[in-house]
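Please look through the structure shown here, following the chain from its beginning to its end. The paragraphs that follow explain how its parts are arranged.

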Amino acid sequence: MVVMESCGSRVLPMMSEAAMERRERMKVEVFEEVILRLRQSDNIDTDLPGFVDDLWAHFNRLPAR
């Protein structure tokens, strides 16, 4: 883990690039699983124009944890 100092002289841990890439990959995998389950449930019309894009925009605002 890389450590950086902020202007307030606190030491803040920074994620490595590999850790950030792993989290982003996990986020995409979970998103794809959510879309798959929604399509299988037939409760929501996932074929509506823009549905997947809107859901991704919402999903992408969530923290990757």
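A residue is called buried when its relative accessible area is under 20%, exposed when that area is over 50%, and partly exposed in between. These terms will be applied to a predicted model.

The overall plan may be considered first. The protein contains 2 helices and 2 strands, and from the N terminus on these elements follow the order β-β-α-α. The chain has 65 residues, of which 14% count as buried. Its accessible surface comes to about 5600 Å², and carbon and sulfur atoms account for 56% of that surface. Among the contacts with a separation of 6 or more, 32% join residues that are 24 or more positions apart.

Helix H1 covers residues 17-41. At 1.5 Å a residue, its 25 residues should span 36 Å, and because its end C-alpha atoms are 36 Å apart, the expected and computed values agree. Just after H1, Asp42 adopts a positive phi of about 60 degrees.

One side-chain pair in this helix deserves attention. Which two side chains meet in a salt bridge? They are those of Glu33 and Arg37, with a distance of 2.9 Å from N to O. By the rule applied here, the count comes to 1 salt bridge. Glu33 and Arg37 are 4 residues apart in helix H1, and therefore they are separated by about one helical turn. An α-helix has 3.6 residues a turn, so residues three or four places apart point the same way. Glu33 has a relative accessibility of 36%, which means that Glu33 counts as partly exposed. Arg37, by contrast, is exposed, because its relative accessible area is 56%.

Other residues of H1 are covered. The buried residues of this helix are Ala19, Lys27, Phe31, Ile35 and Leu38, and what covers them includes helix H2, residues 51-60. In soluble globular proteins, nonpolar side chains tend to be buried together. In the present model, the largest nonpolar core has 6 residues, namely Phe31, Ile35, Leu38, Phe51, Leu55 and Phe59. The elements that give two or more residues to this core are H1 and H2.

Phe51 of this core also has contacts that may be followed in the structure. When neighbours within four places in sequence are left aside, Phe51 is in contact with Ile35, Leu38, Ile44, Asp45 and Thr46. Thr46 is found in the loop between H1 and H2. Is Thr46 buried or exposed? Thr46 counts as buried, because its relative accessibility is 7%. Not counting residues up to four places away in sequence, Thr46 touches Leu38, Arg39, Phe51 and Val52.

The aromatic rings complete the account. A search of the whole structure finds 3 aromatic pairs. In one of them, the rings of Trp56 and Phe59 have their centres 6.2 Å apart and their planes at 25 degrees, so this pair is stacked. Both residues lie in helix H2, 3 residues apart, about one turn of the helix. Trp56 is partly exposed because its relative accessible area is 27%, whereas Phe59 is buried because its value is 15%. Together with Phe31, Trp56 and Phe59 form one aromatic cluster. Phe31 and Phe59 thus appear in this cluster and also among the residues of the largest nonpolar core.

Definitions and conventions: Residues numbered from 1 in each chain as written. Predicted model: local features only at pLDDT ≥ 70, side-chain atom pairs only at ≥ 80, totals over all residues. Heavy atoms only, no water. Buried < 20%, exposed > 50% of the residue type's maximum accessible area, 1.4 Å probe, protein only. Contact = heavy atoms within 4.5 Å. Areas by Shrake-Rupley, 256 points an atom, 1.4 Å probe, with all protein chains shown as cover. Expected span 1.5 Å × (residues − 1). Salt bridge = Lys/Arg side-chain N within 4 Å of Asp/Glu carboxyl O. Phe/Tyr/Trp six-rings, centres within 6.5 Å; stacked < 30°, edge-to-face > 60°. Core = buried A, V, L, I, M, F, W, Y, C linked by side-chain atoms within 4.5 Å.
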